Amino acid sequence: MKIKKINQNNRWEELYKKGQYQGSYPNEDVIRFIQHHFPDREKRKNIKILDWGCGTGRHVCYLAKEGFLAYGAEVSEAGVKLTKKWLNKEKLKAKVDEIDGLTAPYRDNFFDAIIECAVLQHNEKNQINEIAAEMKRILKPGGHIFSLCKAKQDSLFKGGMRLEKDTFYIKNSVETPTIIHFFDRKELKLLWHEFTDIKIEYTERTINNMAKKVAHYIVWVTK
Ligand SMILES: C[S@@+](CC[C@H](N)C(=O)[O-])C[C@H]1O[C@@H](n2cnc3c(N)ncnc32)[C@H](O)[C@@H]1O
């Protein structure tokens, strides 16, 4: 059955088919989050972790290798195929689902943790709120979320066509043209206000010989 998706003109579908934008290593802040919450390898075999917007699978493979029950959910069909291919190649096990972008085919209170690494930011504001609510539904009480999203301090902010407040259609960067929503601390606090233990960190680096800034928020919350 064909899934009706929020993101029909998904830019990544195109990039993945061309063999581009395929990360080989997990993001170091994802590793930090996992090591902090689940340091004991022996206890991982019953811990379920979902990578929402898993791309071509770098975190799904990392989670499977690290001994978790790994899950991936992705709107891009090509991303799902490439994630499965990578898992097969490395003889790793994980469940990977193609989703519509707003709902996830898992029961309430199912996951111990959910990762979203640069995924929410590629959606419009009302969708971001819906995805966060869906994440809350499928996360166990006491479960943890990791989120990495673009900050307004990034040089791309206001760099394209304005779609709504703080959301732009940006044409001139590596992973574009695509929609990018830029966050600030106040918005993040509101987005995750139904969670506890909210920690918001910020990272910034320069590129192009310091000509441009790449800025992200890293958010950890607990249900
Ligand atoms: C910048 S890439 C990041 C991929 C992956 N998280 C990583 O860190 O390698 C953004 C990914 O999110 C996916 N995506 C965007 N919106 C989504 C949504 N609402 N639900 C699921 N996947 C989504 C895109 O198809 C793309 O694969």
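This report covers the sheets, the enclosed elements, the ligand shell and a few single residues of one predicted model.

Local features are given only where pLDDT is at least 70, and side-chain atom pairs count only at pLDDT 80 or more, while totals for chains, interfaces and linings use all residues. Residues are numbered from 1 along each chain as its sequence is written.

## The seven-stranded sheet

Helices (H or I, at least four residues) and strands (E, at least two) are DSSP runs, numbered from the N terminus. Two strands pair if DSSP finds at least two bridges between them. An open sheet of 7 strands runs in the order E3-E2-E1-E4-E5-E10-E9, and its pairing is mixed. E3 and E9 stand at the edges with a single partner strand each, so one side of each lacks a neighbour in the sheet. Neighbouring strands of this sheet are turned by 15 degrees against each other on average, direction ignored. Axes here are lines fitted to C-alpha atoms, for helices over the stretch in contact, and angles run from 0 to 180 degrees between N-to-C directions.

Two helices pack on this sheet. Contact means C-beta atoms, placed from the backbone, within 7 Å. H4 touches E2 and E3, and its direction makes about 165 degrees with that of E3. Helix H5 (residues 125-138) touches E1, E4 and E5, and its direction makes about 150 degrees with that of E5.

Strand E1 (residues 48-52) pairs with E4 in the parallel sense over 3 bridges. E4 also pairs with strand E5 (residues 139-150), again in the parallel sense, over 6 bridges. The table lists bridge partners involving E4.

| Residue | Partner |
|---|---|
| Ile49 | Ala113 in E4 |
| Phe111 | Leu139 in E5 |
| Ala113 | His144 in E5 |
| Glu116 | Ser147 in E5 |

## Enclosed elements

A residue is buried if 20 or more other C-beta atoms lie within 10 Å of its own, exposed if 12 or fewer, and partly exposed in between; C-beta atoms are placed from the backbone. In strand E4 (residues 111-117), 6 of the 7 residues are buried, so the strand is largely enclosed by the rest of the structure. In E5, 9 of the 12 residues are buried, so E5 is largely enclosed too.

Helix H3 (residues 58-65) has 7 of its 8 residues buried, so the rest of the structure largely encloses it. The buried residues are Arg58, His59, Val60, Cys61, Tyr62, Leu63 and Ala64. They pack against helix H2 (28-37), E1, strand E2 (69-74), helix H4 (77-89), strand E3 (95-98) and E4. Just after H3, Gly67 takes a positive phi of about 95 degrees.

Val60 of H3 is in contact with Asp51, Cys54, Ala70, Gly72, Thr83, Leu87, Ala94 and Val96, leaving aside neighbours within four places in sequence. A nonpolar core is a set of buried Ala, Val, Leu, Ile, Met, Phe, Trp, Tyr and Cys residues joined through C-beta atoms within 7 Å. The largest such core has 60 residues, of which Ile49, Val60, Ala64, Ala70, Ile114 and Ile115 touch the most other members.

His144 lies in strand E5. With 23 C-beta neighbours inside 10 Å, His144 counts as buried. Leaving aside neighbours within four places in sequence, His144 is in contact with His37, Ala113, Trp220 and Thr222. His144 and Thr167 are 23 residues apart in sequence and 26 Å apart in space, C-alpha to C-alpha.

## The three-stranded sheet

A further open sheet has 3 strands in the order E6-E7-E8, with antiparallel pairing. Strand E6 (161-164) and strand E8 (178-181) stand at the edges, each with a single partner strand, so one side of each has no neighbour in the sheet. Neighbouring strands are turned by 35 degrees against each other on average, direction ignored. E6 and strand E7 (residues 167-170) pair over 3 bridges. Met161 stands opposite Tyr169 in E7.

## Ligand shell

The ligand is surrounded by 25 residues, the closest being Trp12, Gly53, Gly55, Gly101 and Cys117. A residue belongs here if its C-beta atom, placed from the backbone, lies within 6 Å. By class, the shell has 11 nonpolar, 11 polar and 3 charged residues. Ala, Val, Leu, Ile, Met, Phe, Trp, Tyr, Cys and Pro count as nonpolar, Asp, Glu, Lys and Arg as charged, and the others, Gly among them, as polar.

## Two positive phi values

Asp197 is found in strand E9 (residues 196-207). Its phi is near 50 degrees, a positive value in a residue other than glycine. Asp197 has 9 C-beta neighbours inside 10 Å and counts as exposed. Asn208 lies in the loop between E9 and strand E10 (212-222). Asn208 is not a glycine, yet has a positive phi of about 55 degrees. With 8 C-beta neighbours inside 10 Å, Asn208 counts as exposed.
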